[in-house]
Each structure stands twice: as structure tokens, then as C-alpha cells.
Amino acid sequence: MDQLSRWARIAGTAISFAVFGIGGLVLALLCLTVFRIVAKKPRDREERAQYLVHLAFRFHVWVMQRLGVCELSVRAGEGLHVPGGQLIVANHPTLIDVVLIGSLMPQLDCLVKTDASRNPFMRAVVRTAGYVPNDLGEAVVEACVARLQEGRSLLLFPEGTRSMKGGELGTFHRGAAHVALRSGRPILPLVIHCTPRALTRGQHWYDVGDRPMSFTIEIGEPIDPRRLTRPNESRGVASRKLTAALRDFYQARLYDRAGRGAGDAFQRRDLQVGHRPDEDRVPFPR
């Protein structure tokens with residue numbers, strides 16, 4: 001029976017990915033035709049396209065749940081719907097994290113990889129929705145800040161890609177810290193838990209666990225970057241401190257077996273800056 005259940009989840013995963021691919025083609029056709037005719041202003045076109053993506057993601061999550069592939073629960077979800085747009089930061093354990101978060105938010109900007117912005121099937125959606133390509137160099141930060149200043153919500157993954165196959169956090173890059181410092185906006189941290197592990201980096205899609213994937217998304221309290229930096233610090237030093245503090249936050253939430261809370265990680269961060277043995281792994285912009 002266990003083996004039969006496993007094969008059923010593999011089949012369900014395959015069906016859900018097929019539905020996702022077909023949905024992507026439909027979205028591309030709509031973005032290439034209807035939205036370019038109906039919405040003349042770029043911002044109207046982007047917001048309508050993002051809302052359509054949100055509906056598509058909601059449908060995809062529903063399909064995965066109905067097929068017994070995954071379960072989803074959200075803690076303190078009201079924190080996602082504060083007017084004025086938010087800078088959202090999350091860990092990145094699985095392939096479908098963007099889908100899960102996007103299913104919860106009618107408007108959401110995000111960074112996309114170069115391959116997605118050049119893919120003939122995804123290019124229309126990426127451009128119509130106004131997503132930010134990650135190959136713009138230093139202009140990426142300014143593009144992200146512009147979205148926030150327009151009152152739009154923006155999702156960033158400090159790891160840049162999925163976490164390690166074993167579940168360990170990857171290197172935290174400093175882009176999210178630079179956007180927070182440049183925009184002056186607080187960071188809304190999302191913590192994504194997934195058990196059993198599946199769809200991680202280096203893991204095949206058919207490598208399913210002994211039960212459906214159970215996702216829990218925790219929405220934390222907003223983090224004010226000014227609490228962790230000093231007014232006279234250079235942006236490089238400030239971004240390094242903020243990045244290290246963010247990694248401490250997620251380390252405490254996800255893996256700290258000593259029982260230290262995430263609040264403690266931030267309250268003690270000022271004393272720890274410059275003294276952590278792994279801080280040299282945090283990349284610095286040149």
C-alpha cells in the first residue's frame with residue numbers, strides 16, 4: 001500500500017507539472033494578445049498580468065492539493081496584505097516556493113533568471129508582468145527600489161537559488177539588504193518549512209517522500225534595517241551586517257537546535273557582527 005501511495009504521488013506530481021506547463025502557454029498567449037490590447041498603460045498591464053499569474057498559481061496549488069501531492073498552511077497570513085506594498089524576503093527550500101507565495105498575493109513583483117526572461121514560452125509573461133531580470137547588474141537594485149516606491153510588493157530570495165539538498169541554507173547574497181537600505185522599507189520575513197524534503201536543489205521531481213509535502217509558511221514581524229545599522233556606516237558595511245542578521249534569523253527559525261528564538265538572533269546581532277566564523281562566506285559587491 002505504501003508503494004502504491006508513492007507511485008500515486010509521483011503520478012500526481014507529473015500531472016501537476018503538466019498542468020503548470022499548459023497554464024504557462026495559456027498565460028503567454030493572453031499576455032501577448034489580450035493585455036496588450038485592453039491595458040494601454042504599462043503599470044495597468046503589469047498589475048493585470050500579475051493578478052492573472054496569482055490566479056494561475058492558486059489553481060496550481062489547488063491541483064497539487066487535490067492530487068495529494070502537497071498540503072499548505074499559512075501562519076499570520078494577514079501580514080501579507082498590508083496596503084502600500086512590502087519588501088518580502090524568504091528562504092528558498094523548494095522548486096515551487098514562488099508558486100506558493102504568489103498564490104497568496106494578488107500583486108507580487110519578483111526577480112527572474114535570465115533563462116526565464118529569454119525563454120520563448122515565458123518571455124511574454126515576464127515582460128508583461130514587469131518582473132525584474134536578474135542580469136541588470138547594479139540596476140537590479142534600482143529597479144527593485146522603483147517597484148517599492150510605486151507601492152508594489154516585491155519578493156526576494158537572499159540565497160538566490162534553492163537551498164542545499166540536505167536542507168542547509170546557502171550563501172546569503174546582499175541584494176535584499178541593498179534594496180532595503182536604498183528604499184528605507186522594512187523587510188517582511190517569510191519562513192518556508194517543507195517536510196518531507198522534496199523538489200530541492202539536485203533532487204529529482206519524482207523523488208517523493210513517504211507522505212505528501214507539507215508546507216508551512218510563517219509570516220514574521222517586519223524588520224527595520226535601522227535597528228541593525230548605524231547612521232554613519234557605509235552602505236557596504238550596513239548591507240553586510242543586515243545580510244548576516246537575516247541569515248541568523250533564518251538559521252534560528254529553521255535549524256537552531258539550541259532553542260534560541262529568532263528574536264534573540266536579532267537582539268544579539270549587534271554584538272556578533274564581525275565575529276561569526278562563517279561571515280566571510282557572505283559575498284561583497286565590488
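**Two helices, a strand residue and a loop residue**

Good morning, everyone; the protein I would like to walk through today has a secondary structure that comes to 11 helices and seven strands, and please keep in mind throughout that what we are looking at is a predicted model. Of its 286 residues, 47% count as buried. If we take the contacts between residues at least 6 apart in sequence, 74% of them join residues at least 24 apart.

Let me begin with a pair of helices. Two packed helices are described by the angle between their axes and the distance between the axes. Here the pair is helix α8, which covers residues 175-183, and helix α9, which covers residues 235-254, and their axes come within 9 Å of each other and cross at roughly 120°. Because of that angle, α8 is oblique to α9, and the crossing in which α8 passes α9 is right-handed.

Which residues in α8 and α9 meet? From α8 there are Ala-177, His-178, Ala-180, Leu-181 and Arg-182, and on the side of α9 they meet Arg-235, Ala-238, Ser-239, Leu-242 and Thr-243. Sorted by class, this contact of α8 with α9 is made up of five nonpolar, three polar and two charged residues.

Let me stay with α9 for a moment and turn to the loop between β7, residues 213-219, and α9, where we find Glu-233. The side chain of Glu-233 reaches the backbone nitrogen of Arg-230 at 2.9 Å, and it also makes a polar contact, at 2.8 Å, with the side chain of Lys-241. If we leave aside the neighbours within four places in sequence, Glu-233 is in contact with Ala-238 and Lys-241; Ala-238, you may recall, is one of the α9 residues that meet α8.

My last stop is Leu-111, which is found in strand β3, residues 109-112. Is Leu-111 buried, exposed or partly exposed? Its relative accessibility is 33%, and since the partly exposed class lies between under 20% for buried and over 50% for exposed, Leu-111 counts as partly exposed. Not counting residues up to four places away in sequence, Leu-111 touches Val-132, Pro-133, Val-140, Cys-144, Leu-155 and Leu-156. As for Phe-157, which is 46 residues from Leu-111 along the chain, the C-alpha atoms of these two residues are separated by 8.7 Å.

That is where I will stop, and I am happy to go back to any of these places with you on the screen.

Definitions and conventions:
Residues are numbered from 1 along each chain as its sequence is written. This is a predicted model: local features need pLDDT of at least 70, side-chain atom pairs count only at pLDDT 80 or more; totals for chains, interfaces and linings use all residues. Side-chain values use heavy atoms; hydrogens and water are left out. Axes are lines fitted to C-alpha atoms, for helices over the stretch in contact, and angles run from 0 to 180 degrees between N-to-C directions. Helices (H or I, at least four residues) and strands (E, at least two) are DSSP runs, numbered from the N terminus. Angles under 35 degrees count as roughly parallel, over 145 as roughly antiparallel, 65 to 115 as roughly perpendicular and the rest as oblique. A crossing is left-handed if the near helix is turned anticlockwise from the far one by less than a right angle, and right-handed if clockwise. Contact means heavy atoms within 4.5 Å. Ala, Val, Leu, Ile, Met, Phe, Trp, Tyr, Cys and Pro count as nonpolar, Asp, Glu, Lys and Arg as charged, and the others, Gly among them, as polar. Buried means under 20% relative accessible area, exposed over 50%, partly exposed in between (1.4 Å probe, protein chains only). A polar contact is a pair of N or O atoms within 3.5 Å; within protein, one must be able to donate a hydrogen and the other to accept it, and residues adjacent in sequence count only if both atoms are side-chain atoms.
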